[in-house]
Amino acid sequence: MTQLDGVIKPKTKRSKRFLESRAPKLTEDVKTAMIMKGGNTSQTITQALKDLVSELKNITRPFEDSTSLEFFSKKTDCSLFLFGSHNKKRPNNLIFGRLFDFHVLDMIELGIEKFVSLSEIKASKCPEGTKPMLVFAGEPFDTVNEHKRLKSLLLEFFRGPSVSAVRLAGLEHVLHFTALDGKIFMRSYRCLLKKSGCRTPRIELEEIGPSFDFILRRTHLASDDLYRLAHKQPKALKPKKMKNTSHDAFGTKFGRVHMQKQDLSKLHTRKMKGLTKRKRKVLTEEQDAQAPKVAKIEN
């Protein structure tokens with residue numbers, strides 16, 4: 001590939017396909033995440049990363065220098081990252097982050113106070129690749145700016161690929177996040193459908209792990225202008241407004257149709273024999289009633 005005036009021109013078909021895959025799209029690809037292990041980690045962090053997903057090892061400090069993160073993001077085409085580290089000042093540390101245009105957008109550091117691994121909870125697990133249902137409980141997720149960004153970040157991390165439909169039996173994995181007293185509790189449940197005696201099944205939740213008790217530490221949040229720019233949608237993807245349509249409280253769609261004034265006298269209706277005979281009889285009776293009566297005079 002050659003670079004002229006800041007524009008990279010491919011020399012081969014392979015490099016052309018590579019550049020096309022990295023080019024901006026109206027509908028972006030499914031977001032992927034880098035899971036990295038710092039130079040110093042604890043057994044808790046190692047097991048936590050294993051339970052979340054497979055790991056990489058890299059000696060870096062994202063809050064001090066994010067250059068290596070941005071380099072690996074561009075190399076692997078990943079827009080999310082999870083970094084685990086451990087030291088005396090900040091033990092059992094997890095950093096959730098995302099990137100925009102291969103530059104760090106948001107980073108939130110969480111400390112693990114309590115951790116229960118998958119192997120410690122003896123229960124049947126959900127199949128790999130199951131799309132989870134995400135539940136957020138707690139007022140801070142709606143009022144505090146750091147918690148609102150963390151909620152958005154966790155949604156991008158765990159929501160999985162976009163699908164057009166999900167069968168009822170496939171809704172079996174629940175991730176529950178609770179913000180309370182300055183801590184964030186993450187629990188993972190399996191949704192069990194039990195018989196209830198009616199058509200709607202009775203639902204029970206069984207904890208399957210992993211389980212985390214987090215405490216919020218450092219944050220690196222993008223400015224409001226940059227955050228809006230990162231979430232800006234192309235005009236081609238924005239739904240077009242339809243005139244003369246409205247929705248009620250239940251989401252039912254109503255439409256208003258404008259028609260020209262109709263002349264009902266020229267309206268052709270279906271002719272039926274029974275109605276035709278009855279109409280003739282009525283007309284005959286009306287004609288007899290309207291005919292002049294002549295009195296007979298007898299001599």
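Tutor: Buried here means under 20% relative accessible area, and exposed means over 50%. The model is predicted.

Student: Is Cys191 buried or exposed, and at what relative accessible area?

Tutor: Buried requires a value under 20%. Cys191 meets that cut-off, so it counts as buried. Its relative accessible area is 10%.

Student: How many disulfides does a search of the whole structure find?

Tutor: A disulfide is a covalent bond between the sulfur atoms of two cysteines. The cut-off for the sulfur pair is 2.5 Å. Searching the whole structure gives a count of zero.

Student: Why is Cys126 without a bond to the closest cysteine sulfur?

Tutor: Take the closest cysteine sulfur to that of Cys126: it belongs to Cys191. A disulfide needs the two sulfurs within 2.5 Å. The pair is too far apart for a bond, because the separation is 8.9 Å.

Student: Is Cys126 buried or exposed?

Tutor: Its relative accessibility is 16%. The limit for buried is under 20%. Cys126 therefore counts as buried.

Student: Which residues form the positive surface patch?

Tutor: Start from Lys16, which sits in helix H1, residues 13–22. Lys16 is partly exposed at 46% relative accessible area. The patch consists of Lys13, Arg14, Lys16 and Arg17.

Student: What is the area of the nonpolar surface patch that includes Leu171?

Tutor: Leu171 lies in the loop between helix H5 (145–158) and strand S9 (173–180). It is partly exposed, at 30% relative accessible area. Its partners in the patch are Val163, Val166, Leu168, Leu193, Ile203 and Leu205. The patch covers about 620 Å².

Student: Is the peptide bond from Gly209 to Pro210 cis or trans?

Tutor: Most peptide bonds are trans. Pro210 is in the loop between strand S11 (202–207) and strand S12 (211–220). For the bond from Gly209 to Pro210, omega is near 0°, and the bond is cis.

Student: What is the phi of Phe102?

Tutor: Most residues other than glycine have a negative phi. Phe102 is in the loop between strand S6 (93–100) and strand S7 (103–116), and it is partly exposed at 25%. Although Phe102 is not a glycine, its phi is positive, about 65°.

Student: Where is Asn244, and what is its phi?

Tutor: Asn244 occupies the loop between helix H6 (224–230) and strand S13 (245–247). It is partly exposed, with a relative accessible area of 41%. Asn244 is not a glycine, yet its phi is positive, at about 60°.

How values were computed. Residues numbered from 1 in each chain as written. Predicted model: local features only at pLDDT ≥ 70, side-chain atom pairs only at ≥ 80, totals over all residues. Heavy atoms only, no water. Patch = residues over 30% accessible without salt bridge, like charges linked within 9 Å, V, L, I, M, F, W, Y side chains within 5 Å. Areas by Shrake-Rupley, 256 points an atom, 1.4 Å probe, with all protein chains shown as cover. Salt bridge = Lys/Arg side-chain N within 4 Å of Asp/Glu carboxyl O. Lys, Arg positive; Asp, Glu negative; His and termini not counted. Charge placed at Lys NZ, Arg CZ, Asp CG, Glu CD. Helix = DSSP H or I, 4+ residues; strand = E, 2+ residues; numbered from the N terminus. Buried < 20%, exposed > 50% of the residue type's maximum accessible area, 1.4 Å probe, protein only.
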